[in-house]
2 protein chains.
Amino acid sequence: MTYHHGNLRQTLLERAAHIIAAQGIDGLSLRALARDIGVSHSAPARHFKDKHALLAGLAAEAHEKLKNFISQAADDAGKDPVARYNAMGKATIRFALAQPAYFKALQNPEVHQRASPELKTAHGAYLDTVKEAADAAHRAGWNPREDTMTLFTFSTAAAHGAATLFSDMFGTNTFAHADLLALGEKVIDLVIPPHSSLCSTNGA
Amino acid sequence: MTYHHGNLRQTLLERAAHIIAAQGIDGLSLRALARDIGVSHSAPARHFKDKHALLAGLAAEAHEKLKNFISQAADDAGKDPVARYNAMGKATIRFALAQPAYFKALQNPEVHQRASPELKTAHGAYLDTVKEAADAAHRAGWNPREDTMTLFTFSTAAAHGAATLFSDMFGTNTFAHADLLALGEKVIDLVIPPHSSLCSTNGA
DNA sequence: TTCAAAATGTAGTCATTGACAACATTGGAG
DNA sequence: CTCCAATGTTGTCAATGACTACATTTTGAA
């Protein structure tokens with residue numbers, strides 16, 4: 001047992017995510033977190049000035065994880081920009097269900113007010129990734145009549161709205177994971193129809 | 001100055017909404033709230049067992065306010081079910097911008113876990129109102145190929161997602177109220193195209 | 001190699017908070 | 001009028017976030 005923990009910052013983030021997943025964001029206490037890890041109650045302050053800074057750190061990490069996750073999903077979807085964007089929307093919902101703590105950290109409005117540079121960078125990178133994919137899908141025939149700002153807002157609002165909804169519903173245990181996933185995919189298919197349908201079969 | 005405040009419960013809810021609008025949900029402290037109103041620090045406990053109960057009360061009131069607001073908007077929109085549902089979506093966004101505290105209380109996931117009977121009732125009534133309107137719009141020609149569950153989820157996710165997004169963005173003062181409203185209306189028009197277009201002009 | 005300074009962790013303290021208990025005041029039902 | 005339920009007050013306690021002073025370890029430059 002060394003005096004120095006060695007990797008406290010990362011451990012703090014991971015345990016915090018654990019606790020948030022189990023008890024929600026305001027069930028997280030810096031002191032309980034320190035106890036849980038086995039360091040003194042003020043050790044976390046060396047890495048995160050205050051609670052907001054910790055949540056901002058989590059949010060930054062969450063944005064990075066989500067960005068990587070949806071990028072991977074896009075790549076798995078092939079080359080068609082519309083199929084790629086569709087896959088990114090579905091991946092967002094899977095992420096929210098698989099990593100509820102990170103998704104909650106991501107959505108936490110309080111954090112975005114006093115955003116640290118680190119968070120701004122991660123958030124910006126995430127938004128750029130989504131926006132690029134949205135624009136590509138747009139150019140490839142997704143809703144050609146609309147302007148890109150409207151489409152971007154529409155799709156992110158729908159994807160994040162559905163992800164939030166499912167994430168909360170999943171917490172209540174009233175719905176099965178599989179059912180929520182299937183419903184989520186149908187919803188995303190409404191937002192970004194996969195086979196750029198001209199008319200008739202728009203959706204299913 | 002009477003010993004009894006006379007209308008403490010309602011005053012608590014109103015001042016809490018004020019504080020939340022200014023400082024966010026976790027900037028709300030029961031004691032500060034009591035000080036603000038001018039009662040003793042434990043007077044609120046007579047009306048709300050704990051902080052969660054207060055937030056649940058706010059959420060219940062918020063659901064009722066939102067339900068009334070969108071119902072009014074639907075009635076103003078006339079008789080066409082699709083136009084009515086479209087108007088309800090737009091009204092949801094206006095509500096989020098006009099009453100940020102109530103909207104935040106409404107969205108607060110922590111509250112819905114240990115929901116009081118009062119909150120469950122209010123939430124249920126709100127959901128019923130929206131679901132009825134969604135089904136009516138569906139029957140009247142909105143996206144006839146999809147099942148009602150998917151459509152309901154899609155539209156509420158998009159509307160609440162956009163409302164949340166705008167509510168948070170408005171807090172940053174980076175965007176003007178009018179611009180957000182205009183963008184929100186375009187988004188809702190994508191979710192629920194107002195003049196039940198068959199094909200060609202789907203959207204604008 | 002040495003050693004001073006930076007990084008990291010600890011111990012102690014304080015005001016604030018949420019929750020609870022015991023008590024006081026009010027107003028209304030019988 | 002009297003009792004009692006509703007409502008409000010004061011007192012208290014443990015937990016928390018934030019701060020300060022101090023201890024230990026690491027590091028890198030002379």
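The following exchange concerns a predicted model and the grounds for some terms used about its chains and DNA.

Reader: How do you know that a two-fold axis relates chain B and chain A?

Author: A rotation of 180° superposes chain B on chain A, with 0.0 Å of shift along the axis and an RMSD of 0.0 Å. That is the relation of a two-fold axis, so the term applies.

Reader: What makes the surface that serves both copies the same one?

Author: Of the contact residues of chain B, 100% recur in chain A.

Reader: What makes two residues count as in contact, and how many does each chain give?

Author: Their C-beta atoms, placed from the backbone, must lie within 7 Å. The contact takes 28 residues from chain A and 27 residues from chain B. On the side of chain B that touches chain A, the elements giving two or more residues are α6 (109–113), α8 (148–171) and α9 (177–191) of chain B. The largest share there, 12 residues, comes from α8(B). By class, that side of chain B has 12 nonpolar, nine polar and six charged residues.

Reader: What makes a residue count as near a strand, and which residues come nearest to DNA strand C?

Author: The C-beta atom of the residue must lie within 6 Å of the strand. There are 22 residues around DNA strand C, and A:H5, A:V39, A:S40, A:S42 and B:D50 come nearest.

Reader: Which helix gives the largest share of the surface near DNA strand C, and how is that surface divided by class?

Author: Helix α2 (residues 30–37) of chain B gives the largest share, three residues. The surface near DNA strand C has 10 polar, eight nonpolar and four charged residues.

Technical notes: Residues are numbered from 1 along each chain as its sequence is written. Chains are lettered from A and ligands numbered from 1 in the order in which they are written. This is a predicted model: local features need pLDDT of at least 70, side-chain atom pairs count only at pLDDT 80 or more; totals for chains, interfaces and linings use all residues. Copies are superposed by least squares on the C-alpha atoms of residues with pLDDT of at least 70 in both. Helices (H or I, at least four residues) and strands (E, at least two) are DSSP runs, numbered from the N terminus. Ala, Val, Leu, Ile, Met, Phe, Trp, Tyr, Cys and Pro count as nonpolar, Asp, Glu, Lys and Arg as charged, and the others, Gly among them, as polar.
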